[in-house]
Amino acid sequence: MSKITSTDFKLLLETLELAKRGQGFANPNPMVGAVVVKQGKIISTGYFHGIGKPHAEIEALKNSRQNVAGATLYVNMEPHCFYGRTPPCTTAIIRSKIKRVVCITADPNPRVTRRGFKELRAAGIKVDIGGPIAEANNLNEAYFKYFAKNRPFIALKWAQSLDGKIATRTHDSKWISNDQSRQYAHVLRGQYQAILVGSNTLRQDNPHLGARHKKFPDPVRIILDSQLSLSLQARVLRDKNVIIAAGSSADKNKARLLLKKGFTLWSFSSKHIPLKQLFKKLYQAKILSVLVEGGGEVLGSFVDQKLFDKIHVFVAPKIIGGRAAIGSIGGTGVAEVKLAPQIKNISFKNFRDNFLIEGYAETI
């Protein structure tokens, strides 16, 4: 049976810290970090910087100024073993004469799962598996969900008043949350591969939907617009990093114009955009994670269909009131409280007088 020592555990935690540096850039690959240890000392480290660049294991091997023969390689996810954008990591590890590989988890990608370990062991390399599994799973939760459910990881995010409103009766929403909350919301955007809003939000707010953070790239913008009512001058159309989902009643002339301009347009045969079909296409497009920002009816449709994994809810100490004000979650809702989706593993963050509630759904 594999034996993970306390020293192994600490070094595996280091691989996770290294892996985090690739957040926002690794998609659609997992975030991976690697550490090479020889004679009890770290001689090299590496992490995956992004598509087409060397994997963490390869970077760690190349970065070493010492001969890595006989060393131990620590990595948070199973080394890949097939030719893709880059050659197999297992081949490089074997050629380098690494003596032992310590890894936290298997890769859920069926092209890799346990095959990487098998190749290494067949070459005489000792492979030990284990360590901080919960932390490793949490870091790459979107990647694991993508392969477990054949769809992207889905998170819902909104900012609301104490009485659960996201806008006043005049649709004003600037700003319910404070500036610190909004800055953190931009960081959140950078942590997801795509961000999704509906056409009402687009018309009312004309949002930028970018990370606006040097540390992260802008996510893919996904627009649900059944009738294609969006303005061609909308800020989300500032570049081609956009997917527009349209229904059967979409403006055909605008559809042709959007396609001519080079935007990605997915047309569905139903009047309203079928979310499960949309997410099947997103899965095929290798979109690992989606942050849904609303508005209320869009958020409600995800809740009604129990199609979400996580929530990020900013709450501000304001009371908007009024029956005509916009509630945070629209849709049909549940008929009985016992049928309501339950949120688990709740955590809280404070941003001066605002706080953020985060948790996971037990719906899917």
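Student: What makes strand β12 (residues 289-294) count as mostly covered?

Tutor: In strand β12, 6 of its 6 residues are buried. Buried means under 20% relative accessible area, exposed means over 50%, and partly exposed lies in between (1.4 Å probe, protein chains only). The model is a predicted one, in which local features need pLDDT of at least 70 and side-chain atom pairs count only at pLDDT 80 or more, while totals for chains, interfaces and linings use all residues. Residues are numbered from 1 along each chain as its sequence is written, and side-chain values use heavy atoms, with hydrogens and water left out.

Student: Why is β12 called a strand, and how do you know which strands pair with β12?

Tutor: Strands are DSSP runs of E with at least two residues, helices are runs of H or I with at least four, and both are numbered from the N terminus. Two strands pair if DSSP finds at least two bridges between them. Strand β6 (residues 153-161) and β12 are joined by 4 bridges in the parallel sense, and β8 (residues 194-198) also runs parallel to β12, over 4 bridges. Ile-154 has Val-290 in β12 as its bridge partner, whereas Leu-196 has Val-292.

Student: What is the strand order in the open sheet of 5 strands, and what makes β2 and β5 its edge strands?

Tutor: The order is β2-β1-β3-β4-β5, with mixed pairing. Strands β2 (41-47) and β5 (126-129) are the edges, as each pairs on one side only. Neighbouring strands of this sheet are turned by 20° against each other on average, direction ignored; axes are lines fitted to C-alpha atoms, for helices over the stretch in contact, and angles run from 0 to 180 degrees between N-to-C directions. Strand β1 (residues 33-38) and β2 run antiparallel and are joined by 6 bridges; Val-35 stands opposite Thr-45 in β2.

Student: Why is the contact between Asp-128 and Arg-100 called a salt bridge?

Tutor: A salt bridge requires a side-chain nitrogen of Lys or Arg within 4 Å of a carboxyl oxygen of Asp or Glu. Asp-128 and Arg-100 meet at 2.8 Å, N to O, so the pair satisfies that limit. Asp-128 belongs to strand β5 and Arg-100 to strand β4 (residues 100-105), 28 residues apart. Both residues are buried.

Student: How do you know that Asp-205 and Lys-174 are partly exposed, and what does their salt bridge tie together?

Tutor: Asp-205 has 27% relative accessibility and therefore counts as partly exposed; Lys-174, at 43%, likewise counts as partly exposed. Their closest N and O atoms are 3.8 Å apart, and the two residues form a salt bridge. Asp-205 lies in helix α8 (residues 199-205) and Lys-174 in the loop between β7 (165-167) and α7 (179-191), so the pair ties together parts that are 31 residues apart in sequence.

Student: Why is Lys-338 called exposed, and how is Glu-336 classed?

Tutor: Lys-338 has a relative accessible area of 69% and is therefore exposed. Glu-336, with 40%, is partly exposed. These two residues form a salt bridge, with the closest N and O atoms 3.7 Å apart. Elsewhere, salt bridges that share partners join Asp-8, Arg-100, Lys-126 and Asp-128 into one network. The structure holds 15 salt bridges.

Student: Which residues of helix α6 (residues 141-149) are buried?

Tutor: Those buried are Glu-141, Ala-142, Tyr-143, Phe-144, Lys-145 and Tyr-146. Just after α6, Asn-150 takes a positive phi of about 55°.
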